[in-house]
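Colleague: I am new to this structure and would like to learn how to read its features one at a time. Could you give me the general idea each time and then the case here?

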Amino acid sequence: MNGAAYVDLDGTLLGRGASLLHDGEGKVTLDGVRAVQACLRAGVEVVLMSGRRRGPLFEDARLLGQRSFIYEAGACVVLDGEEHWLTGDLLPGELTIAEQIERSGAPVLLLDHYEGRLEYHEPWHVQREVSHLFRGLVDALEVDRLLAKHGHGDLRLVDNGVVNRRSPALAELPHVRGYHLVPAGASKAGAVAFHSRARDYSREAIFAVGDSREDLACAPYVDVFWLVANAVERDPSMREAITAYDNVRVTEAGHGAGVYEAVVSTLMDR
């Protein structure tokens, strides 16, 4: 293979309703398909990276003809069908990692402390192997300090970007974001680094496309990181966040069209 493209799904490759065949406005488009097609024709491996659970993401990857993917916000890398856990001392056994986190009391701590600002991201929070999935509006770094203060320094909260679904309890918030409570060692950046080492890809041979701060953290491990336009439109503060990196570019288009733009531009520059 001639390198890899690490591509986020929701808010990036997928449009309205998490559809590959619709853009952010719900209009039919094949740009996302064309982006994947361009990678495959160039011999570039497409590695989906997502906060989604293993089962659904396995099917997504299989539809694209790919055998590797990154699930639950970087907690695990599936490489040619084999799972590689990046969760430190928290490993699945008699209990799943998600069950171990629940027993620690950390989820209840957050829900109680941030009542009216944080809730489970129903209905997608169930049947998860690793992370606890929330929605709301909190400062992830502040949450990490709270976790450490209460003896949960082995966990962190991942900001996975703006989401559309909310309950009446969060109606007063200016916008709502999705969050994953995961083992501290789990990250998309770490997963990208692990996969690229396993494949023996040079940094110059890989790039990534995403829409969140968690995606953006992959920038130091790839040749170029692309932020799709809709990420900045939804959250203008992302403009400031990208100044921390010298290899980040923002696409002119959003969602699948933005991914297609990123793929074609990167391949043409090689």
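Modeller: Let us begin with a side chain that reaches a backbone atom, where a polar contact is a pair of N or O atoms within 3.5 Å; within protein, one must be able to donate a hydrogen and the other to accept it, and residues adjacent in sequence count only if both atoms are side-chain atoms. Here the side chain of Asp215 reaches the backbone nitrogen of Asp211 at 2.9 Å, and Asp215 itself sits in helix α7, residues 213–216; helices (H or I, at least four residues) and strands (E, at least two) are DSSP runs, numbered from the N terminus. This is a predicted model, in which local features need pLDDT of at least 70 and side-chain atom pairs count only at pLDDT 80 or more, while totals for chains, interfaces and linings use all residues. Residues are numbered from 1 along each chain as its sequence is written, and side-chain values use heavy atoms, with hydrogens and water left out.

Colleague: Is Asp215 buried or exposed, and which residue does its side chain meet in a salt bridge?

Modeller: Buried means under 20% relative accessible area, exposed over 50%, and partly exposed in between, with a 1.4 Å probe and protein chains only; Asp215, at 0% relative accessibility, counts as buried. A salt bridge is a side-chain nitrogen of Lys or Arg within 4 Å of a carboxyl oxygen of Asp or Glu, and the side chains of Asp215 and Lys188 form one at 2.7 Å, N to O. This pair links distant parts of the chain, with Asp215 in helix α7 and Lys188 in helix α6 (residues 188–199), 27 residues apart, and Lys188 is buried as well as Asp215.

Colleague: How many salt bridges are found in the whole structure, and what does the one between Asp80 and Arg67 tie together?

Modeller: A search of the whole structure finds 18 salt bridges. In the one between Asp80 and Arg67, the closest N and O atoms are 3.8 Å apart; Asp80 lies in the loop between β4 (76–79) and β5 (82–85) and Arg67 in the loop between α2 (54–63) and β3 (69–71), so the two tie together parts that are 13 residues apart in sequence. Asp80 is partly exposed at 36% relative accessibility, whereas Arg67 is exposed, with a relative accessible area of 53%. Both belong to a network of salt bridges that links Glu45, Arg67, Asp80 and Arg199.

Colleague: Which residues of helix α5 are buried, and why do they line one face?

Modeller: An α-helix has 3.6 residues a turn, so residues three or four places apart point the same way. In α5 (residues 140–149), the buried residues are Ala140, Val143, Leu146 and Leu147; seen down the helix axis they fall within an arc of 115°, so they line one face of α5, the arc being that of the directions from the helix axis to the C-beta atoms. On the other side of α5, Leu141, Arg145 and Lys149 are exposed. At the N-terminal end of α5, Asp139 acts as a cap, with a side-chain oxygen 2.9 Å from the backbone nitrogen of Leu141.

Colleague: Which strands does β10 pair with?

Modeller: Two strands pair if DSSP finds at least two bridges between them. Strand β10 (residues 206–210) is joined to β1 (residues 4–8) by four bridges, running parallel, and four bridges also join β10 to β11 (residues 224–227), again parallel. Both faces of β10 are covered, with Ile206, Ala208 and Gly210 buried on one side and Phe207 and Val209 buried on the other.
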